[in-house]
Amino acid sequence: DPDRAERAKRALELDLEYVFHSWLAQDGRAPFTADGAQGSWLWDGAGTPYLDFSGQLVFTNIGFSEPRVVKAIADQAARLATIAPQHANDARSEAARLIVERAPGDWFRKVFFTNGGADAIENAVRMARVHTGRRKVLSRYRSYHGNTTTAINLTGDPRRWPNDYGAEGVVHTFGPFLYRSAFHATTEEEECARALEHLEQVIALEGPATIAAIVLESIPGTAGIMVPPAGYLRGVREICDRHGILWIADEVMSGFGRAGRWFAAELANEAPTGVPGEWKPAPGPQAVPDLITFAKGVNSGYVPLGGVLVSEHVGATFGSRAFPGGLTYSGHPLACAAAVANIGVLTDDSLIENADRLGREVLGPGLHALAATSSIIGEVRGAGAFWAVELVRDKQTREPLVAGGAPVAALTKACMSRGLIPFVNGSRTHVVPALNITDEEARYGLALLGEAIAEVESSL
Ligand code: PLP
């Protein structure tokens with residue numbers, strides 16, 4: 001492509017001059033300029049290839065430029081590119097059917113479509129408040145739920161701090177996280193029991209009859225990919241049932257195959273086998289959320305889309321009573337056509353099963369092998385194509401590699417210089433590739449990541 005270098009150069013110049021970016025100080029930025037992408041690879045203006053271990057912001061579940069999805073978007077654009085949300089259209093109807101059919105349990109009936117994850121959270125919380133007639137909402141520290149008022153206040157990681165103007169009724173609790181236990185626990189069983197006891201106490205002290213919902217990422221994502229211990233989500237379900245509180249599962253990042261299941265809430269009814277990344281169905285009553293929020297992997301981010309899966313009992317509240325909310329682009333046909341095709345790819349190519357296998361056979365063992373030879377990898381954890389590597393100064397004290405939650409910039413640099421796009425957040429790097437990355441690509445990426453971590457280690 002003779003125009004590539006010039007196009008990328010101009011893209012960068014105009015970006016620096018005219019684009020106002022998320023989360024960062026605007027001065028001194030030096031963004032990577034993508035000029036094209038295919039599968040798990042991106043390239044820059046020089047045509048240099050980069051392997052994507054980030055899923056971008058953990059959303060390209062089927063990788064880039066999947067022709068079946070690109071064609072579906074083009075066909076939809078030619079026939080009915082846009083339509084107001086009150087009118088039925090085949091792309092949205094079909095997307096809703098496919099999503100409902102993949103939901104856990106047997107009580108999900110409908111989908112409310114949004115433009116992304118944060119507005120899915122806003123609307124799920126609104127549904128819960130109207131349904132219960134209560135105002136408070138619980139969430140956990142070490143979580144991320146989006147960047148609108150309710151969603152950022154529910155968020156339990158430091159991105160909330162500068163935005164914390166006090167959304168009404170939000171209460172944070174500690175969730176289970178054995179590696180940095182808030183409960184002085186030494187086993188997953190202890191962590192689980194104590195986290196549930198803590199939740200029960202917070203509910204008792206806040207007033208059970210004032211609490212509409214508890215919002216939990218089924219596996220907290222950006223905050224650290226902490227797979228909950230066996231029994232925790234069932235415990236949450238039981239506590240919610242006892243107090244008439246709704247369980248809202250935030251599956252914006254963990255849904256659509258990321259954790260080797262259509263929704264990571266399925267892990268509520270499974271238990272780990274002891275093999276890293278391997279879980280098996282657990283006997284007992286099935287715990288299912290009342291509402292599920294999703295976005296990202298629903299259409300791999302080819303066109304913005306999110307939504308709320310609505311259970312029969314919550315939906316019934318709005319049978320004869322108006323739902324007090326809506327969005328101009330709710331169920332946009334291009335986004336929904338992309339979702340239909342994306343879910344088709346996930347299904348036809350068995351990518352949910354492949355993600356689970358990747359976790360058990362390639363990513364889990366590969367990362368554990370890296371940890372065994374590194375003095376700065378404190379812990380490796382995850383499931384499917386959803387893994388965190390915790391970098392520490394000292395394996396004994398577990399002191400994070402970088403204080404204050406700043407990203408390990410040296411690691412990003414060491415990865416990029418080797419042609420690997422990492423997901424670095426604070427003292428962690430997350431390994432979150434496309435679910436259809438090949439085993440060879442995944443092993444190659446792990447080797448590059450290992451070299452980059454060793455470079456950071458040797459510079460300490
Ligand atoms: N919830 C979770 C678990 C997320 O990971 C994110 C985004 O990273 C959001 C909500 C917010 O989604 P969006 O950025 O599409 O608004």
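Which of the 16 residues around the ligand come nearest? These are G116, G117, A118, G146 and V252, and the legends below describe their surroundings. The model is a predicted one, in which local features need pLDDT of at least 70 and side-chain atom pairs count only at pLDDT 80 or more, whereas totals for chains, interfaces and linings use all residues. Residue numbers start from 1 along each chain, as its sequence is written.

**View A. Residues around the ligand.** A residue is near a molecule or strand if its C-beta atom, placed from the backbone, lies within 6 Å of it. Helix α5 (residues 117-132) supplies the largest share of the shell around the ligand, three residues. Helices (H or I, at least four residues) and strands (E, at least two) are DSSP runs, numbered from the N terminus. The shell divides into seven nonpolar, seven polar and two charged residues. Here Ala, Val, Leu, Ile, Met, Phe, Trp, Tyr, Cys and Pro count as nonpolar, Asp, Glu, Lys and Arg as charged, and the others, Gly among them, as polar.

**View B. The open sheet of seven strands.** The strands follow the order β4-β12-β11-β8-β7-β5-β6, with mixed pairing; two strands pair if DSSP finds at least two bridges between them. Because β4 (108-114) and β6 (170-173) stand at the edges with a single partner strand each, one side of each has no neighbour in the sheet. On average, neighbouring strands are turned by 20° against each other, direction ignored. Axes are lines fitted to C-alpha atoms, for helices over the stretch in contact, and angles run from 0 to 180 degrees between N-to-C directions.

**View C. Strands β5 and β6 with two helices on the sheet.** Strand β5 (residues 136-140) pairs with β6 in the parallel sense over four bridges, and V137 stands opposite V170 in β6. Helix α7 (residues 188-206) packs on the sheet and touches β5, β6 and β7 (211-217); its direction makes about 150° with that of β6. Helix α4 (residues 90-102) lies across β4 and β12 (306-311), at about 130° to β4.

**View D. The side of domain 1 that touches domain 2.** Domain 1 covers 4-62 + 350-458 and domain 2 covers 67-348, with bounds from an automatic or database domain assignment. In this pair, 31 residues of domain 1 are in contact with 32 residues of domain 2, contact being C-beta atoms, placed from the backbone, within 7 Å. Helix α11 gives the largest share of this side of domain 1, nine residues.
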